[in-house]
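Q: I would like to learn how to read a structure of this kind, one feature at a time. Can we go through it together?

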Amino acid sequence: MSDIATFPADRTPAAGATGKAVTLQFGNNALLPLLLGDHDRHLVRLEQGLGVRLSCRGNRMAIAGDPARVEAAQSAITGLWRKLERGEAVSPGDVDAAIRMTELDDPRLPLSDLPAIRTRRGAVGPRSPGQAAYMDMLAAHEMVFGIGPAGTGKTYLAVAQAVAMLTAGKVDRIVLSRPAVEAGERLGFLPGDLKEKVDPYLRPLYDALNDLMPGQEVVRRMGTGEIEVAPLAFMRGRTLKHAFVILDEAQNTTAVQMKMFLTRMGEGTRMVIAGDLSQIDLPSGTRSGLRDALDTLEGLQGIGVCRFDKRDVVRHPLVARIVDAYDQRSVAERDTRRSRQAAEPAAAAAVEGPPLGGK
């Protein structure tokens, strides 16, 4: 049971005439500094992110502001406190995650009731509303498309689910793949054998594996074939059974490659296709296989599609603002093109003038 009590606070000017004020009382004074952060950094971040007024005296924290915001802050703070009670650390990223999760339109709050992927290195929980929906899809669907900008956890959570199912014996192996397409660069000839040539393209998948499993276990399972990391071209002609298969950077597949990959699915297999349609590195005029697959398959029974947006970016807060800036520019450029296209017929008609013989 959580060592935290809640009771109404005295009306404060910060609450306002239509505002609300509550006080949380914490039973463990040793944990409270960890909740507040160095120099109260966590407290300040919660205050700014949630739009409330927070003040802490002794083992009590007062929350004042708009009633809905006060309830959201209470849920976020309670969730962070429960993490500390379980012996887990609270980082600035956890604080940002708690703020994002208050936007989740789901009665499962507080955070401890949200879905989690359990690996031998601990539980992996959602850090945004989009991640919570994605994790539910990973558990419920045989094929899931994760679409959205960089930093939303599409690949990491898919690898976490794969590792959890492998260690639980629900699948026999993990297959990780991505197309070997250069991100706007020309790397030229790469020395070494085949593995050394393709490893640079697959590095993000190795990083996720090593974060979720002990390094020696990753090496051992790769040696036995329980974990396979391969470029997309190696998938042709295979049938993958009782496996958890992940295709990363799927926006850089062609329509033919995507169809080939999806039809590799065999008995007892789960597939996750992750990609960002704003970062397509295919030659000009080549249609993305990810876009083609979504247009063709979305809505089919057994297929889940999760779309992330800038609110789900869980990297540095500046990344979300960068994504937003690029999105706004793309919208402005598209609107400008449409305006020019609409103006061209009218301009051409004005130049031509009325038809001969007309009045």
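Q: In this predicted model, in which sense do strand 3 and strand 4 pair, and over how many bridges?
A: Strand 3 (residues 53–57) pairs with strand 4 in the antiparallel sense, over five bridges. One place to look is arginine 53, which has alanine 64 of strand 4 opposite it.

Q: What should I look for in the hairpin of strand 3 and strand 4?
A: Look at the residues between the strands and at their backbone angles. Two residues lie between the strands here, and glycine 58 takes a positive phi near 60°.

Q: Which residues of strand 2 and strand 4 are covered by their pairing, and in which sense do they run?
A: Strand 2 spans residues 20–26 and strand 4 residues 60–65; they pair in the antiparallel sense over six bridges. Within this pairing, valine 22 has isoleucine 63 of strand 4 as its bridge partner.

Q: How is the packing of two helices described?
A: Two packed helices are described by the angle between their axes and by the distance between those axes. For helix 2 (residues 41–50) and helix 3 (residues 67–85), the axes come within 10 Å and cross at roughly 145°. The crossing of helix 2 and helix 3 is right-handed.

Q: Which residues make the contact of helix 2 and helix 3?
A: Helix 2 contributes Leu46, Gly49 and Leu50, and helix 3 contributes Arg69, Ala73, Ala76, Ile77 and Leu80. By class, the residues of this contact are six nonpolar, one polar and one charged.

Q: Now to the sheet with six strands: what is the strand order, and is the pairing parallel or antiparallel?
A: Read the strands from one edge to the other. The order is 9-8-10-11-7-12, the sheet is open, and the pairing is parallel. The edge strands, strand 9 (227–231) and strand 12 (303–307), each pair on one side only. Direction ignored, neighbouring strands of this sheet are turned by 15° against each other on average.

Q: How many bridges join strand 8 to strand 9, and how many join strand 8 to strand 10?
A: Strand 8 (residues 173–178) is joined to strand 9 by five bridges, and the two run parallel. Strand 8 and strand 10 also run parallel, joined by five bridges. On the strand 9 side, isoleucine 174 stands opposite isoleucine 227, and arginine 178 has proline 231 as its bridge partner. On the strand 10 side, leucine 176 has isoleucine 246 as its bridge partner.

Q: Is strand 8 largely enclosed or largely open?
A: Count its buried residues. Five of the six residues of strand 8 are buried, so the strand is largely enclosed by the rest of the structure. For the chain as a whole, buried residues make up 43% of the 359 residues.

Q: Where does threonine 253 lie, and is it buried or exposed?
A: Start with the place in the chain, then take the accessibility. Threonine 253 is in the loop between strand 10 and helix 9 (255–262). Its relative accessibility is 0%, so threonine 253 counts as buried. A polar atom of its side chain lies 2.8 Å from the backbone oxygen of alanine 250.

Q: Which residues are in contact with threonine 253 once neighbours within four places in sequence are left aside?
A: They are Pro179, Leu232, Leu247, Met258, Leu282, Arg287, Ser288, Gly289 and Leu290.

Q: How do isoleucine 117 and glycine 125 read by the same approach: buried, partly exposed or exposed?
A: Isoleucine 117 is in strand 5 (residues 117–119) and, at 3% relative accessibility, counts as buried. Glycine 125 is in the loop between strand 6 (122–124) and helix 5; at 32% relative accessibility, glycine 125 counts as partly exposed.

Q: What separates the C-alpha atoms of isoleucine 117 and alanine 164?
A: Give the separation along the chain together with the distance in space. Isoleucine 117 and alanine 164 are 47 residues apart along the chain, and their C-alpha atoms are separated by 6.8 Å. Glycine 125 and leucine 157 are 32 residues apart along the chain, with 9.0 Å between their C-alpha atoms.

Definitions and conventions:
Residues numbered from 1 in each chain as written. Predicted model: local features only at pLDDT ≥ 70, side-chain atom pairs only at ≥ 80, totals over all residues. Heavy atoms only, no water. Pairing = 2+ DSSP bridges. Axes fitted to C-alpha atoms, helices over the stretch in contact; angles between N-to-C directions. Left-handed = near helix turned anticlockwise from the far one by under 90°. Contact = heavy atoms within 4.5 Å. Nonpolar A, V, L, I, M, F, W, Y, C, P; charged D, E, K, R; others polar. Buried < 20%, exposed > 50% of the residue type's maximum accessible area, 1.4 Å probe, protein only. Polar contact = N/O pair within 3.5 Å; in protein donor to acceptor, adjacent residues only side chain to side chain.
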